[in-house]
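Subject: Handing over the structure we discussed

Dear colleague,

Please find the structure below, together with its sequence, and keep both open while you read the notes that follow.

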Amino acid sequence: MPSFIIAFLVILAATAGLTVLYLLAWIIRAPARKKREAFVWSHSLALRHLEEAKAHCHFLSVPDIAFGQSYDNEDFYGDISPEDVLIYELKTKHIEVKKALETVHENERRYEKLSAEIKENLPSFREFDVPLSEEERQRFSEIAEEAYQRAFPKRPAPFRVYVTMKLTDYGGNYRDSKTQAFSVTETEALIRRLAKKRGSYYCDDAIFRSLCRVERGKVSNRIRFEVYERDGNRCCKCGSTAHLEIDHIIPISKGGTSDSNNLQTLCHDCNAKKGNQIE
């Protein structure tokens, strides 16, 4: 056997032996270590102060919010972004979302207050409620400081608003999906932009375009064919059966929706002639 293989096996055996010895030592010392930690938790003034402060602080429950949209039209799925969908949802659900955001900020205030209270009056890690020798005090103070770092309260988990868009075929079978998470800062910025209005007019043109894209995208292929069938598969203006399209009777840009009672079948020429008008 080559010498380098022999050397490798020797090193491997030595490493394995050291690992086994380390594990054995850890197992042997574990009961003593747990006993020392239990003593520290029972008698450390710093850890007692920490636990008392934590016991008086309670965080509010605030689950993440999720919105979703499903599309069976690949063009709409590609044109519309998760941010567009969130803007559209915030138009009607901003109160619900703002309440959740207020709870998030309240939890942040509670955390900052708790953190300050713990640090402000924290006893020394060397302080215990029983007499100790200097050697014991040094050893137990190190354990107390490590336990303090582990037990210090964690900042509340980041809140997110999730938007998931799903693409299906006409029969509803899954084809693709995309998800985006929005932070508190991003969501609040969108709410502020939505609020900038003069009457029904949105001052932020990008917000208005997002709303229009999502509203137009609500005309799925299924709805499209249902409207065609309802209208006898012919243009409601001239009766043509060629080059049929879906028209919003009240245009989206003028407040119209994609509800079926605001949709009609027009041929391409009649739709182009009508344009952005209300007839």
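Let me begin with one residue: setting aside the neighbours within four places in sequence, Phe-125 is in contact with Ala-46, Ser-141, Ala-144, Glu-145 and Tyr-148. Phe-125 sits in the loop between H4 and H5, and because its relative accessibility is 17%, under the limit of 20%, it counts as buried. One of its partners, Tyr-148, is 23 residues away from Phe-125 in sequence, and the two are 8.9 Å apart in space, C-alpha to C-alpha. Please bear in mind throughout that this is a predicted model, and that what I describe has been computed from it.

The chain as a whole

The chain has 279 residues, of which 35% are buried, and its secondary structure comes to nine helices and seven strands. If you take the contacts between residues at least 6 apart in sequence, 69% of them join residues at least 24 apart.

How H4 packs against other helices

Helix H4, which covers residues 82-120, appears in three of the notes below, beginning with its packing against helix H2, residues 45-55, where the axes are 10 Å apart and the angle is about 155 degrees. An angle over 145 degrees counts as roughly antiparallel, and therefore H2 is described as roughly antiparallel to H4. H2 passes H4 in a right-handed crossing. On the H2 side the residues that meet H4 are His-49, Leu-50, Ala-53 and Lys-54, while H4 brings Leu-114, Glu-117 and Ile-118. Sorted by class, this contact of H2 with H4 has four nonpolar residues, one polar residue and two charged residues.

With helix H6, residues 184-195, the axis of H4 comes within 9 Å, and the two cross at roughly 120 degrees; this crossing is left-handed. The H4 residues in this contact are Glu-83, Leu-86, Ile-87, Leu-90, Lys-91, Val-97, Lys-98, Leu-101, Val-104 and His-105, and those of H6 are Val-184, Thr-187, Glu-188, Leu-190, Ile-191 and Leu-194. The residues of the contact of H4 with H6 divide into ten nonpolar, two polar and four charged.

What about helix H7, residues 205-217, and at what angle does it pack with H4? The angle is about 95 degrees, with the axes 8 Å apart, and because angles from 65 to 115 degrees count as roughly perpendicular, H4 is roughly perpendicular to H7. Here Asp-84, Val-85, Ile-87, Tyr-88 and Lys-91 of H4 make the contact with Ile-207, Ser-210, Leu-211, Arg-213, Val-214 and Glu-215 of H7. By class, the contact of H4 with H7 has six nonpolar residues, one polar residue and four charged residues.

Two buried residues in helices

Ala-151 is found in helix H5, residues 134-151, and with a relative accessibility of 14% it counts as buried. Apart from neighbours within four places in sequence, Ala-151 is in contact with Trp-41, Leu-50, Glu-51 and Lys-54. If you look at the pair Ala-151 and Lys-54, you will find them 97 residues apart in sequence but 9.7 Å apart in space, C-alpha to C-alpha.

Lys-274 lies in helix H9, residues 268-274. Is this lysine, Lys-274, buried or exposed? Its relative accessibility is 2%, so Lys-274 counts as buried. The side chain of Lys-274 reaches the backbone oxygen of His-248 at 3.1 Å. Not counting residues up to four places away in sequence, Lys-274 touches Asp-247, His-248, Ile-249, Pro-251, Gln-264, Leu-266 and Glu-279.

Two residues with positive phi

Finally, please look at the loop between helix H8, residues 221-230, and strand S6, residues 244-248, where Asn-233 lies. Phi of Asn-233 is near 55 degrees, which is a positive value in a residue other than glycine. His-243 lies in the loop between H8 and S6 too, and although it is not a glycine, it has a positive phi of about 55 degrees. As for accessibility, Asn-233 counts as partly exposed because its value is 41%, whereas His-243, at 66%, counts as exposed.

With best wishes,
A colleague

Technical notes. Residues are numbered from 1 along each chain as its sequence is written. This is a predicted model: local features need pLDDT of at least 70, side-chain atom pairs count only at pLDDT 80 or more; totals for chains, interfaces and linings use all residues. Side-chain values use heavy atoms; hydrogens and water are left out. Axes are lines fitted to C-alpha atoms, for helices over the stretch in contact, and angles run from 0 to 180 degrees between N-to-C directions. Helices (H or I, at least four residues) and strands (E, at least two) are DSSP runs, numbered from the N terminus. Angles under 35 degrees count as roughly parallel, over 145 as roughly antiparallel, 65 to 115 as roughly perpendicular and the rest as oblique. A crossing is left-handed if the near helix is turned anticlockwise from the far one by less than a right angle, and right-handed if clockwise. Contact means heavy atoms within 4.5 Å. Ala, Val, Leu, Ile, Met, Phe, Trp, Tyr, Cys and Pro count as nonpolar, Asp, Glu, Lys and Arg as charged, and the others, Gly among them, as polar. Buried means under 20% relative accessible area, exposed over 50%, partly exposed in between (1.4 Å probe, protein chains only). A polar contact is a pair of N or O atoms within 3.5 Å; within protein, one must be able to donate a hydrogen and the other to accept it, and residues adjacent in sequence count only if both atoms are side-chain atoms.
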